[in-house]
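Biologist: Please take a close look at the interior of this protein, its nonpolar packing and any enclosed space. One connected account will do.

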Amino acid sequence: MNIHLTSHVVEGTTPPKRGHYIIYDDQIPGFGIRTTAAGVRSFVLNYRFEGRERRLTIGRYPDLTVSRARSEAHRLRGLIAIGTDPLAEKQAKRDALRIRAQAPTVKTLCERYLTEYAELRKKPSSVREDRRLINANIIPRLGKLLCSELSRAQVMEFHSALAKTPYEANRSLSVLSKILNLAELWELRADGTNPCRHIKKFSERKRDRFFNGDELERIGKAVSSEAVSPVVSAALRLLAFTGCRVSEVLGLRWEYIDFPIGVARLPDTKVGARIVALGAPALAILDTLPRNSDFVLPSSDGKRPFSYNTLQKAWCRIAASAGLQNARLHDFRHTVGTLGAQMGLNSFILRDVLGHKTVAMTSRYVSRQTDPLKSAADKVSSQVAAALDGQSATVVKLHG
């Protein structure tokens, strides 16, 4: 039925016994008034879009007059003509309103990220770093904003504000991006709306700092003059002798150490399980340590590994006493790699010494690789040990 819709026509419609019926307008194709069994009258627009039949409810009568409904139908027909699906747009707006109504602030989202994702899936050291970046950078600058309304312009401004520390800025952006990806997964933002996308990170200068023979000698003297605890002294020397990551050294357990073979079997590191060959100086240090805890380097109560923060504070004092600038604990690792390369060790041996690739812990691997790795560890750690003890004449001279 197609007639010219007027207020008189609309008000003259009677509810059916069940279901509904539609009276279509004779001027705008698909525009009509729908009357239900409950007596509800609504303006609708039927149309085809990309081969599919669609029906959009424009509004109820008498909240919407016939003339206003006709004008809206005319506008919607114009959108359809240029390739826009008004029903999809309406649904998108509804989704956005729903998301906004339940969307938390960025601060609340960060807290959820830490408890429901990071603490369950990431290593403790990674969680600590994420929490530091969140508390130092993300929450102070973005924490009060609704996560659903965070824009690319706001993220760009956030990233640019940290330009003086490019590494910090880029790591903060990466953490924020992961958090907002999870917001989409948790239906707190619409899919594909992460505002961190396409933001170019700052260039980072690769850090190649390592300690030469003179610096190692000064570190050795500083360790003695600062009268640090035996655990701190052992930790620093193990870092210097093995080239291990700080987390690997602090997480050492006695059950990992195989003294007869001279290796440490680490079940879970940044790169997975791996075997660390221990040179003679490293084994000598381990042999002097008490075994009254499961941990090689325990905390004061013996129930936990030695604190990274405590070690870092002690290192800052030692580095200052040794007159070192911009020296990090991680630079011991660079030192082992650089010294090994200058001694002629090939890249495959150094790769396994430093654990740059996941290694399967099998007996076949041990029998094939332990001997050359042990030899490499002996050479490198002996050179470092000599320098720490002030025997600089025996140290390969490095230029840096």
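Modeller: The residues that line the largest cavity divide into nine nonpolar, one polar and one charged. This is a predicted model. The lining consists of Leu238, Thr242, Cys244, Glu248, Val249, Leu252, Ala264, Leu266, Val276, Leu278 and Leu286. Two or more of these residues come from each of α9, α10 and β7. The volume of this cavity is about 70 Å³, and the structure holds three cavities of 30 Å³ or more.

The second largest cavity has a volume of about 50 Å³. Around this second cavity lie Ile219, Val223, Ser233, Leu236, Arg237, Ala240, Phe332 and Leu388. Here the elements that supply two or more lining residues are α8 and α9, and α9 gives the most, with four residues. By class, the lining has six nonpolar residues, one polar and one charged.

Several of these names return in the nonpolar packing. The largest nonpolar core has 52 residues, and those with the most contacts inside it are Ile219, Leu236, Leu297, Leu311, Trp315, Ile318 and Phe332. Two or more residues of this core come from each of α8 (213-225), α9 (230-242), α10 (246-250), β7 (263-269), α11 (280-288), α12 (308-321), α13 (331-342) and α15 (363-388). Among these elements α9 gives the most to the core, with nine residues.

Phe332 can serve as an example of the packing. Beyond its neighbours within four places in sequence, Phe332 is in contact with Phe211, Leu216, Ile219, Leu236, Leu239, Ala240 and Trp315. A second, separate core has 29 residues, including Cys110, Ile138, Leu176 and Leu180.

Ser172 is a polar side chain to examine alongside these cores. Ser172 sits in helix α7 (residues 166-185), and it counts as buried because its relative accessibility is 0%, under the 20% limit. The side chain of Ser172 makes a polar contact of 2.9 Å with the side chain of Asn137. Leaving out residues up to four places away in sequence, Ser172 touches Leu133, Asn137, Ile138, Phe158 and Leu162. One of these, Ile138, is included in the second core.

Technical notes. Residues are numbered from 1 along each chain as its sequence is written. This is a predicted model: local features need pLDDT of at least 70, side-chain atom pairs count only at pLDDT 80 or more; totals for chains, interfaces and linings use all residues. Side-chain values use heavy atoms; hydrogens and water are left out. A nonpolar core is a set of buried Ala, Val, Leu, Ile, Met, Phe, Trp, Tyr and Cys residues joined through side-chain atoms within 4.5 Å. Buried means under 20% relative accessible area, exposed over 50%, partly exposed in between (1.4 Å probe, protein chains only). Contact means heavy atoms within 4.5 Å. On a 1 Å grid over the protein atoms alone, a cavity is a set of points where a 1.4 Å probe fits but cannot get out, and a pocket is an open set with protein on both sides within 12 Å along at least five of seven lines; lining residues have an atom within 4 Å of a point. Grid points are joined across faces, edges and corners, and a volume is the space filled by probe spheres set on the points. Ala, Val, Leu, Ile, Met, Phe, Trp, Tyr, Cys and Pro count as nonpolar, Asp, Glu, Lys and Arg as charged, and the others, Gly among them, as polar. A polar contact is a pair of N or O atoms within 3.5 Å; within protein, one must be able to donate a hydrogen and the other to accept it, and residues adjacent in sequence count only if both atoms are side-chain atoms.
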